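Work through the exercises below with the sequence and the structure open. Each task is followed by a solution in steps.

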Amino acid sequence: MAGGREFKVSTRKQEVVAAALPLQEHWLPLSNLDLLLPPVDVGVFFCYKNHSSPSVAASRVGVLKKGLAQALVTYYAFSGEVVANSVGEPEILCNNRGVDFTEAFADVELKELNLHNPDESIEGKLVPNKKHGILAVQATELKCGGMVVACTFDHRIADAYSANMFLVSWAKMANSKSPLTMVPSFRRSFLNPRRPGKIHPSLNDLYVPVTSLPPPPKMETNDHEDRLLSRIYYVKAEQLIKLQALASSSGCKRSKLVSFSAFLWKMVAGSETGNDVERSCKMGIIVDGRSRLADENDLMASYFGNVLSIPFGGKKIQELNEKSLNWVADEVHEFLESAATKEHFLGLIDWVEAHRPVPGLAKIYCNGSEEGPAFVVSSGQRFPVSEVDFGWGAPLFGSYHFPWGGSSGYVMPMPSPVGNGDWVVYMHMLKGQLDVIGKEGGHVFKPLTFDYLV
């Protein structure tokens with residue numbers, strides 16, 4: 001079913017789950033790359049069908065809590081809290097304060113959830129509002145016996161790669177049939193700045209000290225028409241293959257992510273009309289630096305924290321409208337390639353060091369509406385939705401949820417839990433942009449329903 005129905009969520013119990021073993025209190029500094037993140041929270045949720053065994057269904061919350069307490073022994077940063085140090089920078093106080101855990105009940109069946117519109121079905125209901133600590137968890141039993149397990153975490157402490165590691169480890173701890181395969185590393189020395197630093201001038205085009213930002217524009221209180229909304233779409237593998245073919249040229253095959261991003265860039269540019277076509281439209285793509293920074297014997301694959309950069313391109317809206325998809329894909333490849341190097345990430349670490357204790361921020365997140373539209377694409381292709389099995393089966397569905405509150409849009413394509421090459425795409429975009437994506441890109445972007453997942 002395309003739409004859902006209104007429902008209420010009632011809290012049954014709230015408690016704090018701490019690590020199962022005592023931890024020695026200590027301070028864990030954030031790395032220079034962590035310091036580039038503003039204080040925003042990220043949500044992620046998983047939907048599970050009713051389990052056929054009544055004993056398993058009845059014990060699910062206890063299994064979740066026990067597994068969480070065990071996982072927090074190695075992922076102890078999630079059990080601490082963020083505190084400012086003497087110069088005002090955030091650090092983690094690893095004091096095992098624990099994770100706020102909420103048990104809830106929703107008078108709705110799983111099949112009635114409107115997955116296409118998480119603003120209606122997920123936000124403020126099934127994903128917890130984190131009030132304390134670094135991580136919050138909510139387990140919501142549904143009327144049909146299904147369950148939604150959701151987390152909210154502080155983005156300054158973890159990127160999606162780190163959160164994915166934790167989620168899989170938590171599931172393995174809960175599901176004792178699965179051995180723990182990866183222990184996280186918190187060795188900040190992996191990301192130490194160089195002495196002396198070496199900063200490429202291009203980094204000043206991508207990042208800015210917050211003290212150099214103009215004051216935020218005043219928001220019109222009656223401007224409801226073009227607000228940011230969250231929507232989830234389904235994209236078939238055959239459409240991705242077609243986009244990839246259109247985006248590739250001269251014997252150069254572009255990746256599905258580059259092809260998809262180029263298509264979306266053209267869609268967003270197409271949402272602008274009239275004199276707006278003279279403005280620019282910016283798109284960034286988040287790059288994970290782990291593989292770029294890894295040496296032969298490195299532990300970067302298990303590094304917990306943020307290892308991200310956000311290169312972006314800006315083109316005139318009219319140009320994006322008129323040019324072919326393969327031309328736009330070439331532009332995406334070009335700005336992406338410049339950041340996909342070890343030197344780029346080492347230089348970014350040095351850039352942050354040169355400006356400390358003043359925080360830096362990715363410029364694309366500071367986009368004013370008068371400058372033209374801007375959005376960021378974050379590849380969620382490593383989202384391990386099928387591995388988050390706590391002992392009662394893999395989720396029927398899972399997604400990140402990031403209505404982050406800024407002026408720039410955010411898009412995360414993730415693999416379909418069906419495992420057939422299809423994508424699930426979370427979007428947090430302006431209403432006008434979503435309208436055009438639905439109208440002009442409706443052959444690619446289908447509103448998500450449970451019909452695609454069974």
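A cavity is a set of points on a 1 Å grid over the protein atoms alone where a 1.4 Å probe fits but cannot get out, and lining residues have an atom within 4 Å of a point. Grid points are joined across faces, edges and corners, and a volume is the space filled by probe spheres set on the points.

The model is predicted: local features need pLDDT of at least 70, side-chain atom pairs count only at pLDDT 80 or more, and totals for chains, interfaces and linings use all residues. Residues are numbered from 1 along each chain as its sequence is written, and side-chain values use heavy atoms, with hydrogens and water left out.

**Exercise 1.** Find the largest cavity and describe its lining.

Step 1. A search of the whole structure finds three cavities of 30 Å³ or more. The largest cavity has a volume of about 120 Å³.

Step 2. It is lined by 13 residues, and L36, L37, L308, I310 and Y365 are the closest to its centre.

Step 3. Count Ala, Val, Leu, Ile, Met, Phe, Trp, Tyr, Cys and Pro as nonpolar, Asp, Glu, Lys and Arg as charged, and the others, Gly among them, as polar. The lining of the largest cavity then divides into 11 nonpolar, two polar and no charged residues.

**Exercise 2.** Which residues line the second largest cavity?

Step 1. The second largest cavity holds about 40 Å³ of space.

Step 2. Its lining consists of L37, P38, V40, H155, Y365, F402 and W404. Six of these are nonpolar, one is polar and none is charged.

**Exercise 3.** Which residues of helix α12 are buried?

Step 1. Buried means under 20% relative accessible area, exposed over 50%, partly exposed in between (1.4 Å probe, protein chains only). Helices (H or I, at least four residues) and strands (E, at least two) are DSSP runs, numbered from the N terminus.

Step 2. In α12 (residues 431–440), Q433, L434, V436 and I437 are buried. Seen down the axis of α12, these residues fall within an arc of 160° (taken from the directions from the helix axis to the C-beta atoms), so they line one face of the helix.

**Exercise 4.** Why do C94 and C151 form no disulfide?

Step 1. A disulfide is a pair of cysteine sulfur atoms within 2.5 Å.

Step 2. The sulfur of C94 has its closest cysteine sulfur in C151, 18 Å away, which is too far for a bond. For C151 the closest cysteine sulfur is in C47, at 13 Å, again too far.

Step 3. The count is zero disulfides.

Technical notes
On a 1 Å grid over the protein atoms alone, a cavity is a set of points where a 1.4 Å probe fits but cannot get out, and a pocket is an open set with protein on both sides within 12 Å along at least five of seven lines; lining residues have an atom within 4 Å of a point.
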